Amino acid sequence: MGKYQFDSLIDKPRSGRTPLIHSEMHDEVIDIVKKNPRQLKSAITEIQEKFGKKVSVKTLKRIIKKTDVGVEDGNLSKAKRNENEFREAQKEIEILKDEDKANIIDLYYFDESGFTGVPEIPYAWQDEDEQLLLPSGKTSRINVLGFLNKQNDFFPCVFDCSVTSDIVTACFDAFSRYITKRTIVVLDNAPIHHSAIFKSQIGTWEERGLFLYFIPKYSPELNLIEILWKHIKYFWLSTSAYKGFEFLKTELNNILASVGKEFTISFS
């Protein structure tokens, strides 16, 4: 894909009333916690940046409990899911993979991830008995929404503001104008993907050849783009990226522009 879209796609959201973490947001809150299972305070920071509402550890655990997800010894236990739905989705995605391999369709995976000045791994190792501490500091959050296929074709949208339904819809609209054949996008069931503005554009996208496949709840392993986020955070971002926001922004943009070229993933 090569090109990537920036926050000039739409106007940044203006300030307004601070939203509450109501029940419709719980799935997105749980997704954030699942990305930070051993660092609830880090998850709280991300939740505040995304929703504009600061919650306590106690409140967060209460939300987790309500959604049948447990926290034990600082670790997030496996979420309960409908195993029949999960296995059925596995079979259907395998069929889509075969059609993609046969060049009948293009199969992409969509998700969003955030990047800040706090490294995912707080330390690394150099020589024996020598510990390398990583620089770390609170910075603004960079949100990346991306479409990725198994051939490492990548179409990212980058924003330094909160992700809203308008932003997600704008990214899908831009991607729908970029595709060249019938394309299926695998994505999760986050509430933002079922917002009124998002759903109102699905018919238009389908006319352009873009179709959506929603995976069951608590099934992140079915969305292969999760592997990309882990590679960027754990392997590709250098320690110098955490020296400040501009360092992070520059290095992250370079990585995003080089996915499929300098930076690739070998999918099994």
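This short talk walks through one predicted protein model, from its overall make-up to one strand, its cores and a single loop residue.

Good morning. I shall begin with the overall picture. The protein has 268 residues, of which 45% count as buried. Its secondary structure comprises nine helices and nine strands. About 14,400 Å² of the protein is exposed, and carbon and sulfur atoms supply 48% of that area. If we take the contacts between residues at least 6 apart in sequence, 71% of them join residues at least 24 apart.

Let us now turn to strand β8, residues 183-187. Is this strand enclosed or open? Five of its five residues are buried, so the strand is largely enclosed by the rest of the structure. It helps to recall that, in a regular strand, side chains alternate between the two faces of the sheet. In β8 both faces are covered: Thr183, Val185 and Leu187 are buried on one side, and Ile184 and Val186 are buried on the other.

Which strands pair with β8? Strand β3, residues 106-115, pairs with β8 in the parallel sense over four bridges, and here Tyr108 has Val185 as its bridge partner. Strand β9, residues 210-214, also pairs with β8 in the parallel sense, over five bridges. In that pairing, Val186 is matched with Tyr213 of β9.

Next, the nonpolar cores. The largest contains 35 residues, and those that touch the most other members are Phe154, Tyr213, Leu228, Trp229, Ile232, Trp236 and Leu237. Several elements supply at least two residues each to this core, including β3, β8, α4 (83-101) and α9 (245-258). Helix α8 gives the most, with five residues. As an example of packing, consider Ile232: beyond its neighbours within four places in sequence, Ile232 is in contact with Phe115, Leu237, Leu252, Ile255 and Leu256. Apart from this core lies another, of 24 residues, among them Tyr108, Phe155, Ile167 and Ile192.

Finally, I would draw your attention to Leu222, which lies in the loop between β9 and α8. Is Leu222 buried or exposed? The cut-off for buried is under 20% relative accessible area. Leu222 has 9% relative accessibility, so this residue counts as buried. Which residues surround Leu222? Leaving aside neighbours within four places in sequence, its contacts are Phe86, Ala89, Gln90, Ile93, Tyr109, Val186, Ile215 and Pro216. Of these, Ile93 is 129 residues away from Leu222 along the chain, yet their C-alpha atoms are separated by 8.1 Å. The contact with Val186 brings us back to β8, where Val186 is one of the buried residues.

Thank you for your attention.

How values were computed:
Residues numbered from 1 in each chain as written. Predicted model: local features only at pLDDT ≥ 70, side-chain atom pairs only at ≥ 80, totals over all residues. Heavy atoms only, no water. Buried < 20%, exposed > 50% of the residue type's maximum accessible area, 1.4 Å probe, protein only. Pairing = 2+ DSSP bridges. Contact = heavy atoms within 4.5 Å. Areas by Shrake-Rupley, 256 points an atom, 1.4 Å probe, with all protein chains shown as cover. Core = buried A, V, L, I, M, F, W, Y, C linked by side-chain atoms within 4.5 Å.
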